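Student: I have just opened this entry and would like to learn how its descriptions are justified. Could we go through a few together?

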Amino acid sequence: MLIPYRPEPYPDFNQPEPRAKMLEALKLVESQLGRSYPLRIGGKKVETSAKIESINPARTEQVVGSVSKAGAEEAMAAIAAADAAFTSWSHTPPDVRARYLLRAAAIIRKRIYEFSAWMVYEVSKSWIEAYADAAECVDFLEFYAREMMRLGGSQPVTPFPGEENELRYMSLGVGVCIPPWNFPFAIMAGITTASIVTGNTVVLKPASTSPIIAAKFVEVMEEVMLPPGVLNFAPGSGGAVGDLLVDHPRTRFITFTGSREVGLRIFERAAKVHPGQIWLKRTILEMGGKDCIVVTPSADLDAAADAVTWSAFGFSGQKCSACSRLIVDEKVHDVLVQKVVERSKKLTIGNPTGPENYFMGAVIDKAAFAKINEYIEIGKKEGTMVLGDAKPPSGGFYIQPTIFTGIAPSARLSQEEIFGPVLAVIKGRGFDDLLNIANGTEYGLTGALFTNDRAELERARHDFHVGNLYLNRKCTGALVDVQPFGGFNMSGTDSKAGGRDYLQLFMQGKAVTERL
Ligand code: NAP
C-alpha cells in the first residue's frame, strides 16, 4: 500500500546544506553542458543532421546542449510508433502503468537538485523557482499514479435487478503532447505522464527553447524501462511539425499548454476530420492569462505588497499565473504603490548559475526580450513608469522589474499578455468597479483579492471569474491536488491539471451490461 500523496517540501536556500547541494548540482550540470541528445522513436535513438541548440538566456554564448530536430518524416514515424505500441500498452493493467510513474518520481526526487540545476541553465530560473518546478514534476507523477490506481477498476453505478452493470475508463489512443518552456519539467512531464498512465501512447514535442530538460526526463523514463513506443520524443519547430502532428488522422487527442494564439490554432485544426480519421479529436488546451491582484481599502497593505511583488516578478513574470495587473482602490493606491516599488527595488537580478542565488534571471530568448521591451515602450505612452529605468546586467536577456501607474482598464498593458516583469497598476473606485476591471479581459486564469471585508470575500468566490482564485495570498504557486490548476475563457479548457477530474480527460468511459 502506498502512503497518501503529499506535495514535496521546498528547501531554504539560505541554509548551508541546500545551498551546498545546489552549488554542487550546478557544477555537475556545467560539466555536462554542450552534449547532444537524439530523438526517441519506437524505442530507437534517432540522430538527425538538423539540430536545435539550447542556449543559456543569462549568458547567450553558452550552449546548454543540442537535440536532434524532427522534420516531417520523423514526426510521422513517431506517430506510427505510438500507434503500433498502443494496443499492448492500453492492455497493460492500470496499476502496472502507475508503477512506472512512481519509480520515475523516486529517481527524480533523488536527483532533484541536478534537475533543478538544468533548469537554472536552460531557462534561467532562480534556484527556488527551479526547485519548485522539479518538485511539481515529482508531485504530478506521484499524484497521477495514485489517481490511475483509483480510476483503474470498475466505477460505481446504481445496481439494477437482473443485470450486472459496470463503468470502466478506457484509453483513447495516440496523444500529442505540446508543452511550453516556462515550466519545462513540471508541465512537460505532467501532460505526458497523465497521457501515458491512462494507457495512451504519445509523441512529446517539447518547446524549442527547453528541449534538454525534456531529454533528461525521457532518459528517466527509459531508466524505468517504459516499453518502446509508449513515449516518443520528437523535438522540432512548432511551426514546422506542430500542424502535422495535430492534423494526423491517427492522432486521437492533443494536450497543449502555451499561448492563446497557438492554442486557438490547435483547437481549430483539431476540429477538422481528415480522410481515414474515425473519431473526433479531443483537445486539452491550457493557455495564457492577464492575472491580477485586487486590493481594497480594508486590506493588510504590507501583505498585499509582498504578494504583488512576488507574483509579478518571480521568474521575471514568465508564469501564466503571474500578476500583471494590480487593481487597487483609489483610497489606498498611493501608499500601496510606494510599498510595492520599495520592495521591487530590492529584488536582485543576474545569472542564477553563479553562487549569488539571484531573485531573477534573464527572460527566455531574444524574441521575448524584444517583445517585452516593446510593451515597456507602450507602457511609457499609456501610463507613468515608476520603476524600471535601472540598467540591467549585460551578457544575457535581462529585464528589470518594471511598474507603470495610471494605466486605463482598456489599455493594451491591461489587456494583452506580456509574459515578462511588467506590472500595470490600475486605479478603481469601490468594490464593484475593482471587480469589473478584474473581470474585464478575455482571460480568466488566476486572480487574488486582498480585503478584510467578509462580504467582499464571499462575493469574490462567486463573481471573480477566474479558474484559480486566491483570497489574501499571492496569485502564483498552485500545488498539485491542493489547487487544481486551469483557467476560464481564453485561458483554456479549464482542465484542472493536478486535480481529481484530470485523468478522465485522457480516457473514455465504457458502460458494460450483462443480463443475468
Ligand atoms: P507557445 O509559443 O504557444 O508554445 C507552446 C508550445 O507550442 C511549444 O512547444 C511550441 O513549439 C508549440 N507550437 C508552436 N507553434 C505550434 C503549432 N503551429 N502547432 C503546434 N505546436 C506549436 O507558448 P510558450 O511561449 O512556450 O509559453 C508561454 C505561454 O504559455 C504563455 O501564454 C503562458 O501564459 C502559457 N502557459 C499557460 C499555462 C496554463 O496552465 N494555462 C501554463 C504555462 C504557460 P516551439 O517552441 O517549437 O515554437
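**Reasoning about the ligand and two loop residues**

Tutor: Gladly! Keep in mind that this is a predicted model. A good place to begin is serine 259, which has a polar side-chain atom 2.6 Å from an oxygen atom of the ligand.

Student: What makes that a polar contact?

Tutor: The cut-off is 3.5 Å between N or O atoms, and serine 259 comes to 2.6 Å from a ligand oxygen, so this pair qualifies. Proline 179 also qualifies, because a polar backbone atom there is 2.9 Å from a ligand oxygen. Methionine 287 places a backbone N or O atom 2.7 Å from a ligand nitrogen. Of the 910 Å² that the ligand exposes when taken alone, the protein buries 86%.

Student: How do you know where the ligand lies relative to domain 1 and domain 2?

Tutor: Look at who supplies the shell around the ligand. Domain 1 (19-287 + 494-515) and domain 2 (291-479) both contribute residues, so the ligand lies between them. The shell has 31 residues, and helix 8 gives the most, with four.

Student: Why is serine 316 called buried?

Tutor: Buried means under 20% relative accessible area. Serine 316 has 1%, so the word fits. This residue sits in the loop between helix 10 (301-313) and strand 13 (323-329).

Student: And aspartate 481, buried or exposed?

Tutor: Aspartate 481 has 18%, which is under 20%, so the residue counts as buried.

Student: What makes the phi of aspartate 481 worth a look?

Tutor: Most residues other than glycine have a negative phi. Aspartate 481 is not a glycine, yet its phi is positive, about 60°.

Key: Residues are numbered from 1 along each chain as its sequence is written. This is a predicted model: local features need pLDDT of at least 70, side-chain atom pairs count only at pLDDT 80 or more; totals for chains, interfaces and linings use all residues. Side-chain values use heavy atoms; hydrogens and water are left out. A residue is near a molecule or strand if one of its heavy atoms lies within 4 Å of it. A polar contact is a pair of N or O atoms within 3.5 Å; within protein, one must be able to donate a hydrogen and the other to accept it, and residues adjacent in sequence count only if both atoms are side-chain atoms. Accessible areas come from the Shrake-Rupley method with a 1.4 Å probe; for residues, only the protein chains shown count as cover. Helices (H or I, at least four residues) and strands (E, at least two) are DSSP runs, numbered from the N terminus. Domain bounds come from an automatic or database domain assignment. Buried means under 20% relative accessible area, exposed over 50%, partly exposed in between (1.4 Å probe, protein chains only).
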